[in-house]
Amino acid sequence: MRLIFLLLLFVSTFFFAQNNKTVQMDPYIQPKANAAQQPVRPQDKVRIIHADEFKRDTKYEGNQYMVGRVQIEHQGSVLTADEVVLYNEKSLVKAFGNVKLVNSDGSVISAKEMEYNGTTQRGVARQNVVLTDPKGTIIKTETMYYDRLTNQAYYNTGGTIDDGKSTTYSKSATYFLTTRTIDLTGRVKIVDRDYTLEGENVVQNQNTNIVTINGYTTITNNKNPKNRIVTEKGTHNLNTKESFLTKNSRVYYNDKILTGDEIYYNQLTGFGKATGNVMLDDPNERRWIKGGYGEIFQKKDSAMMTKNPYAVKAMEKDSLYFASEKIISYQKPDSADLAVKKSFIRAFKKARFYKSNAQGRADSIAFNETDGVMHMYTAPILWSGEKQVTGDKVEAYFNTQNENIDSLKVIGNALAISKVDSLTLKDEFNQVKGKFMTVHYENNEIKEATVIGNAQAIAYTDDTNKETKQTERIGITLSSCGIISTLFAESALQIISCSIGATSETYPMSKIEPSKRKFQDFNWNTKDRIRKWQDILVDTPNYEEIKYTPESELYDKAQEAIDAERAKEEAKKPKRVRK
C-alpha cells in the first residue's frame with residue numbers, strides 16, 4: 001500500500017498574515033534544531049475546493065482557519081474536515097472534526113483530528129483513527145504517526161488490523177507502506193476462522209500473508225486448542241497454514257508433541273517434519289521416540305523417525321527400549337470397538353529391544369502397545385537371563401497389568417538354549433528344539449517350554465549323592481519325540497513329558513562324544529547380546545565372544561582306555577608270516 005497523506009502538502013501555500021506566537025506541535029513532527037527551512041515547491045501548492053467560512057481571530061493565535069465542510073484537493077487527493085488551520089510560518093497544518101483524507105491511490109485515513117509538519121514531512125492523527133488501504137486492509141487505533149519520507153505509519157496505543165481474512169491485535173505496530181509489511185510488538189494476536197496466533201513480536205507481510213516470528217509465540221487451533229504450535233523463531237503462512245520453525249519449537253497434535261531443531265508443519269494437511277534433535281512424545285502411551293529426522297502424519301495418526309532413532313516406553317517398574325534404522329508409530333481403531341484406538345510401534349532393519357528381564361534383536365519388530373504383543377521377524381533372537389531363544393519368528397506376549405512378559409511363541413526352527421551353570425565357563429548347555437515352541441515365564445524368568453513337531457532335547461542330568469549330599473553329574477539325556485514338555489529349574493532342564501514316537505536315553509559323560517552334546521544349529525551368541533539399554537544405540541555392541549572350556553575329560557579318558565584295550569587285542573592276534 002502506498003499511502004500519501006495530503007496534509008503534508010498543505011504547507012506554505014496560503015500567504016495570510018499571522019501572529020508570531022508559539023504554536024504547540026507534537027514532538028514526533030517537530031523539526032530538528034537548526035534545521036533549514038525548505039522552500040515551497042510549485043507542486044506542493046493546493047487548491048481549496050470549498051469552505052463555508054474563512055476566519056482569523058484569537059482562537060488559533062491569530063492564524064487564519066477555514067470552517068464548515070472544508071475540502072482541499074491536491075493531485076487527486078482530497079482532505080475534508082470541519083475545520084482546518086494553516087500555520088504557514090511553521091509549515092504546520094491542523095485539521096479538526098470528521099477529518100478524512102482520500103488519497104489518489106485509493107487509501108483513506110479518517111480521524112477526529114490531524115496535524116502535519118511540512119518541514120519534517122511527518123504527521124499524526126488522533127482519536128478513532130481508521131486507515132484503509134486500496135486492498136481493503138483496515139487499521140484502527142487511537143493515535144497514528146506517519147512519515148512521508150520513509151513511507152511508514154506507526155501506533156503504540158493499541159490497535160487492530162483487519163484484512164478480511166484475519167484480524168490482528170497489538171500494543172504497537174509499524175506499517176511499512178511500500179512493502180506492505182507490519183512490525184507488530186506487545187501482546188500480538190492474529191485471529192482468523194480456524195487459528196489464533198499470539199506472540200510478543202511478529203512481522204506480517206500483507207502481500208504474502210506470511211508472518212515472521214521473533215520471540216515466544218503460539219499458534220492455536222480454535223476448534224481444538226490442544227492442537228497448537230509453540231516456537232521462538234520462524235515463519236507462518238496465514239494462507240497455506242505452513243510453518244517453518246527454527247528455535248525451541250514444539251508441535252502439539254492428537255495429544256502428541258513433536259520437537260526438533262528445525263520443524264516444518266502444515267496445519268491443513270497435518271504433515272510435519274523435523275530435523276536435528278528430534279523427539280516425538282506420546283504422554284498417553286508414556287512413550288517417546290528420538291532421532292535425527294522425523295515425520296508426522298496427523299490425519300493418519302502416524303509418525304516415522306530415522307537417523308539413529310530409538311524409542312522408550314516408560315513403565316511403572318521398568319522401561320522398554322527399541323532401536324533400528326527406522327521406527328514407525330501409529331494408531332488405528334480397534335476392530336471390535338471403533339471408538340477405541342490401539343497404539344503400535346514398528347522398528348525396521350536391524351531392530352533391537354531392551355527390557356531388564358528380556359532383550360532381543362531381529363530384522364524387524366512390531367509391537368502392539370495396547371494389547372502387549374511383540375512380533376519379531378527374520379532371524380529373531382531373544383535373551384532372558386542365561387537363556388536364549390531363536391526361530392523363524394518370535395512372538396512375545398506381555399501382561400498389560402504388570403507389564404512383564406507372560407509367554408513366547410516361536411514359529412519355525414524353534415531353539416531354546418540355557419547355560420547349565422552361569423557361574424562357570426564350562427561348555428555345557430541344555431537345549432530343546434522343534435518346529436513350534438511355546439515358552440512360559442514365571443517371576444520374570446523362562447520357566448516352561450513346550451515343543452511340537454520333531455521335538456528334540458539335550459539335557460544335562462544331575463543327582464544328589466545321598467552320602468555326601470553333593471550334586472553329581474549323571475550324564476546327558478537325548479530325547480526325541482513329537483511333543484516335548486520341559487521345565488527350566490535353576491541350571492537344569494527337566495523333561496516333563498515326551499510323547500508321540502518318543503525315544504529317550506541317558507548317556508554317561510564318558511559315553512557321549514562332544515559333537516553330540518550340541519545340536520548342529522546351536523547358535524549361542526554372546527557377541528551381539530544386549531546387556532544394557534545403551535547397547536541398542538549401535539547395530540551390535542560387538543562384545544568379545546566368550547570362550548567356553550570343553551568338559552570332555554571323562555570321555556577322553558574313556559576313549560583312551562578303549563583305544564588301549566583295542567591295541568592289546570590287536571597285539572594278541574597272530575601275525576601273518578609271508579612265505
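The legends below describe close-up views of a predicted model.

**View 1. Aromatic pairing around Tyr264 and Phe271.** A search of the whole structure finds 18 aromatic pairs. In the pair formed by Tyr264 and Phe271, the ring centres lie 6.3 Å apart and the planes meet at 50 degrees, so the arrangement is tilted. Tyr264 is buried, its relative accessible area being 14%, whereas Phe271, with a relative accessibility of 24%, counts as partly exposed. Ring pairs join these two residues with Phe244 and Phe297, and the four form a cluster.

**View 2. The ring pair of Phe322 and Phe367.** The ring centres of Phe322 and Phe367 are 5.7 Å apart with their planes at 35 degrees, so this pair is also classed as tilted, the class between stacked (under 30 degrees) and edge-to-face (over 60). Phe322 belongs to strand β25 (residues 319-323) and Phe367 to strand β28 (residues 358-368), and the pair thereby links distant parts of the chain, 45 residues apart. Phe322 is buried, with a relative accessible area of 3%, and Phe367 is likewise buried, with a value of 3%.

**View 3. Charged ends placed over aromatic rings.** The charged end of Arg228 sits over the ring of Tyr252, at 3.8 Å from the ring centre. In a second case, the charged end of Lys419 is found over the ring of Phe429, where the distance to the ring centre is 5.6 Å.

**View 4. Strand β26 and its pairing with β23 and β27.** Strand β26 (residues 326-333) pairs with strand β23 (residues 302-306) in the antiparallel sense, over four bridges, and within this pairing Ala303 stands opposite Ser329 of β26. Strand β26 is also joined to strand β27 (residues 341-355), again in an antiparallel run, by eight bridges, with Ile327 standing opposite Ala347 in β27.

**View 5. The salt bridge between Asp52 and Arg69.** The count for the structure comes to 32 salt bridges. In one of them the side chains of Asp52 and Arg69 meet at an N to O distance of 3.0 Å. Asp52 lies in the loop between β1 (47-50) and β2 (53-56), while Arg69 lies in strand β3 (residues 64-74), so that the pair links distant parts of the chain, 17 residues apart. Asp52 counts as partly exposed at 39% relative accessibility, whereas Arg69 is exposed, with a relative accessible area of 60%.

**View 6. The salt bridge between Asp539 and Arg361.** The side chains of Asp539 and Arg361 meet in a salt bridge with an N to O distance of 3.7 Å. Because Asp539 lies in the loop between β38 (503-507) and α1 (553-572) and Arg361 in strand β28, the pair ties together parts that are 178 residues apart in sequence. Asp539 counts as partly exposed at 36% relative accessibility, while Arg361 is buried, with a relative accessible area of 11%.

**View 7. The salt bridge between Arg473 and Glu428, and a salt-bridge network.** Arg473 and Glu428 bring their side chains together in a salt bridge of 3.1 Å, N to O. Arg473 is part of strand β36 (residues 471-489) and Glu428 of the loop between β33 (405-419) and β34 (429-442), so the pair ties together parts that are 45 residues apart in sequence. Arg473 counts as partly exposed at 31% relative accessibility, and Glu428, at 4%, counts as buried. Elsewhere, salt bridges that share partners join Asp282, Glu285, Arg287, Lys313 and Glu369 into one network.

Technical notes
Residues numbered from 1 in each chain as written. Predicted model: local features only at pLDDT ≥ 70, side-chain atom pairs only at ≥ 80, totals over all residues. Heavy atoms only, no water. Phe/Tyr/Trp six-rings, centres within 6.5 Å; stacked < 30°, edge-to-face > 60°. Buried < 20%, exposed > 50% of the residue type's maximum accessible area, 1.4 Å probe, protein only. Helix = DSSP H or I, 4+ residues; strand = E, 2+ residues; numbered from the N terminus. Lys NZ or Arg CZ within 6 Å of the ring centre and 35° of its normal. Pairing = 2+ DSSP bridges. Salt bridge = Lys/Arg side-chain N within 4 Å of Asp/Glu carboxyl O.
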